[in-house]
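Thanks, everyone. Let me put the model up, and then I'll go straight to the helix packing.

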Amino acid sequence: MCGIVGYIGKRDAYPIVLKGLQRLEYRGYDSAGIALYDGANLNVCKTKGKVLDLKNKMEAEGVSQGNIGIGHTRWATHGVPNDVNSHPHYSNSEDLVIIHNGIIENYDALKKELIKRGYTFKSDTDTEVLVNLIEDVKNKENVKLGKAVQIALNQTIGAYAIAVFDRNKPDEIVVARLGSPLAIGVGEDEFFIASDASPFIEFTKNAIYLEDGEMAIVRLGREVKVREIKNDSSVDPYVQELQINLEQIEKGGYDHFMLKEIYEQPNAIVDTYRGRMLVDKGIIRMAGVDDNIEKFTNAKRIIIVACGTSWHAGLVAEYIFEDIARIPVEVEYASEFRYRNPVIDKNDVVIAISQSGETADTMAAIKLAKEKGAFVFGVCNVVGSSISRETHAGAYTHAGPEIGVASTKAFTTQITVLSLIALKLAKAKGEINNADFHYHLQELDLIPEKIKKALEANDHIKEVAKKYMNAANFLYLGRGFNFPVALEGALKLKEISYIHAEGYPAAEMKHGPIALIDEKMPVVVIATKKGHYEKVVSNIQEIKSREGRIIGIVTEGDEDVRSMANYVIEVPDTIEAFTPLLTTIPLQLLSYHIAVMLNKNVDQPRNLAKSVTVE
């Protein structure tokens, strides 16, 4: 949520910051702004709306000069989305300017104290409180900006990533993070600041990722100085080489990032199991599991914590782990897990799943699990993210950058990683024989080609989308391994088309949702030949008798469901455990095409953020 971009160097800052904000639009936002310092003037321009609106406003006002700049895309928390509440925010003297991602929870108490000292406020934001607190400390303690930021942050409660500039110190920007990501790009006689590396990838491959509770002084002509916020101790910054490239974060000829990422799934899955799954040798190698195999094999249970689409991947994993490895699994919403005083002990393994690796609720769940003595294993996509650093061990999905807010390739690559872990544990525990183990590896190796085959139904799925694009409600049904896919299909439709949709276990239809079915209700039923096929066919008959509009997701060659359904979408055959990797593909495409036909902003759906770094 929110995007931060900054530049200090010899180049013109405006085009770098503006392009950086455009790169961060995927994070979700409702307003944008830029502050530029040209050596004499500190100019701020901000507006409700999109980065394009900001660009037009800046050009109209003729504000674009300076070699130092900070920019921000805001996702509203304190105060409605409007020009005044947008970032950056000045201090009362207008010497300081700040951009901020996160929430200052004790802002109200701080604000009341600052008002007593004569400070005034133009916005409703917690951020304006913070910049004035920094100014107050700076003046009262007679300290430099960096020290003032450190003292002020020790008085705040909450989460933040900030960048602060002082017109009286025109060669530096002070940054800090607690709970929200922040990266510093290190170039030659220049520095870049951003929520992730995408805004500066074409300028430098070297980056410093601040850890939680760290701040940095980014100063021209000096090395980056990193310190602990709490105790002011010095930290040696680790400069790492970035693994992403510019091509990965561009659309590559597709109309939307979401469509590009749907079509990237065959390659993303190959990249995820490449080097880990050696089919010819019948081996799965995963360092994070291999190095901790006893933790897994001795586990009394596995607890999976996640949010949104990652939670659905966890539900699929529950079926896979229990079916193949015979380990009890509980799947928890991270946002609930952290507050309900869960029973956890040292014999539990907690698997935390997050695309971004920055999800605030999942991070809090990890900290709770570690405090209780559990072994915590992370599954995330972003190298160097907070979850990858906070967990005891983990595995990356190698999906590549996922820009579309509605997750697609992250979901299937998460299932791939979790399937590899389940198979590895089944082998280690003696729960699967060599022949079945090898058969599973062969089938998983075939999945990318089968996804390519499933994608060939795109034109047919467009026809289905056109037929039902104006429906007010959708119902998604699945059983067993495909019940979580029904939930995920409904979520995708809700996220990007804003059509109300619900996912249910097919067997639960008679316990309530059947009351909704009439001739206007599209019902998407996942009815592959594997699993409880006959039971699902019975559910379809019940829908048909009530005149529901049936869209069947079926195995190639199925004629039984075809005879009852209004439309069928075929997917290739595979073993039951891997059917979710195929059945989710047409549901992603169906949601995408409906949203496009309804003229929705597919990559940046309203009110949503890609990386949810606050509660």
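Start with helix 15 and helix 19. This is a predicted model, and in it helix 15, residues 434–455, packs on helix 19, residues 579–597, at an angle of about 25 degrees. An angle under 35 degrees counts as roughly parallel, and therefore helix 15 and helix 19 are roughly parallel to each other. Their axes lie 9 Å apart. The crossing is right-handed.

Which residues of helix 15 meet helix 19? From helix 15 we have Leu444, Ile447, Lys450, Ile451, Ala454 and Leu455. Facing them in helix 19 are Leu581, Leu582, Ile585 and Leu589. By class, that contact divides into nine nonpolar residues, no polar ones and one charged. Keep the spacing in mind. An α-helix has 3.6 residues a turn, so residues three or four places apart point the same way.

Next pair: helix 4, residues 126–141, and helix 5, residues 145–153. Their axes come within 8 Å and cross at roughly 120 degrees. That angle makes helix 4 oblique to helix 5. The handedness here is right-handed. On the helix 4 side, the contact uses Leu130, Leu133, Ile134, Val137, Lys138 and Glu141. Helix 5 brings Leu145, Ala148, Val149, Ile151, Ala152 and Leu153. The tally for helix 4 with helix 5 is ten nonpolar, no polar and two charged.

Now the cores. The largest nonpolar core has 92 residues. Which of its members touch the most others? They are Phe321, Ile351, Phe377, Phe474 and Tyr476. Helix 14, residues 409–429, supplies the largest share of this core, with ten residues.

Look at Phe321 for a moment. Setting aside neighbours within four places in sequence, Phe321 is in contact with Ile302, Arg326, Ile327, Val329, Ile351, Leu418, Ile421, Ala422 and Leu425. Ile351 also sits on that short list of core members touching the most others.

Apart from this core lies another, of 30 residues. Its members include Ile16, Leu24, Phe200 and Ala207.

Ile16 takes us to helix 1, residues 13–23. Is that helix enclosed or open? Eight of its eleven residues are buried, so helix 1 is largely enclosed by the rest of the structure. The buried ones are Ala13, Tyr14, Ile16, Val17, Leu18, Gly20, Leu21 and Arg23. Note that Arg23 is on that list. What do these buried residues pack against? Strand 1 (3–8), strand 2 (31–37), helix 2 (51–61), strand 4 (68–74) and strand 10 (191–194).

On to the backbone. There is a cis peptide bond from His87 to Pro88, with omega near 0 degrees. Pro88 sits in the loop between strand 4 and strand 5, which covers 89–90.

Two residues to check for positive phi. The first stop is His398, with a phi of about 60 degrees, although it is not a glycine. His398 is in the loop between strand 22 (393–396) and helix 14. Its relative accessibility is 37%, so His398 counts as partly exposed.

The next stop is Tyr498. Its phi is near 70 degrees, again positive in a residue other than glycine. Tyr498 lies in the loop between helix 17 (483–497) and strand 24 (500–505). At 24% relative accessibility, Tyr498 also counts as partly exposed.

Two more positions before I stop. Is Glu105 buried or exposed? Glu105 is exposed, with a relative accessible area of 55%. Its place is the loop between strand 6 (96–104) and helix 3 (107–116). Leaving aside neighbours within four places in sequence, Glu105 is in contact with Ile157 and Gly158. From Glu105 to Asn292 is 187 residues along the chain, and their C-alpha atoms are separated by 38 Å.

Last one: Val270, in helix 7, residues 265–273. The cut-off for buried is under 20% relative accessible area. Val270 has 23%, so it counts as partly exposed. How far apart are the C-alpha atoms of Val270 and Leu587? They are separated by 21 Å, with the two positions 317 residues apart along the chain.

That's the tour. Questions, please.

Note on methods:
Residues numbered from 1 in each chain as written. Predicted model: local features only at pLDDT ≥ 70, side-chain atom pairs only at ≥ 80, totals over all residues. Heavy atoms only, no water. Core = buried A, V, L, I, M, F, W, Y, C linked by side-chain atoms within 4.5 Å. Buried < 20%, exposed > 50% of the residue type's maximum accessible area, 1.4 Å probe, protein only. Helix = DSSP H or I, 4+ residues; strand = E, 2+ residues; numbered from the N terminus. Contact = heavy atoms within 4.5 Å. Axes fitted to C-alpha atoms, helices over the stretch in contact; angles between N-to-C directions. Parallel < 35°, antiparallel > 145°, perpendicular 65-115°, else oblique. Left-handed = near helix turned anticlockwise from the far one by under 90°. Nonpolar A, V, L, I, M, F, W, Y, C, P; charged D, E, K, R; others polar.
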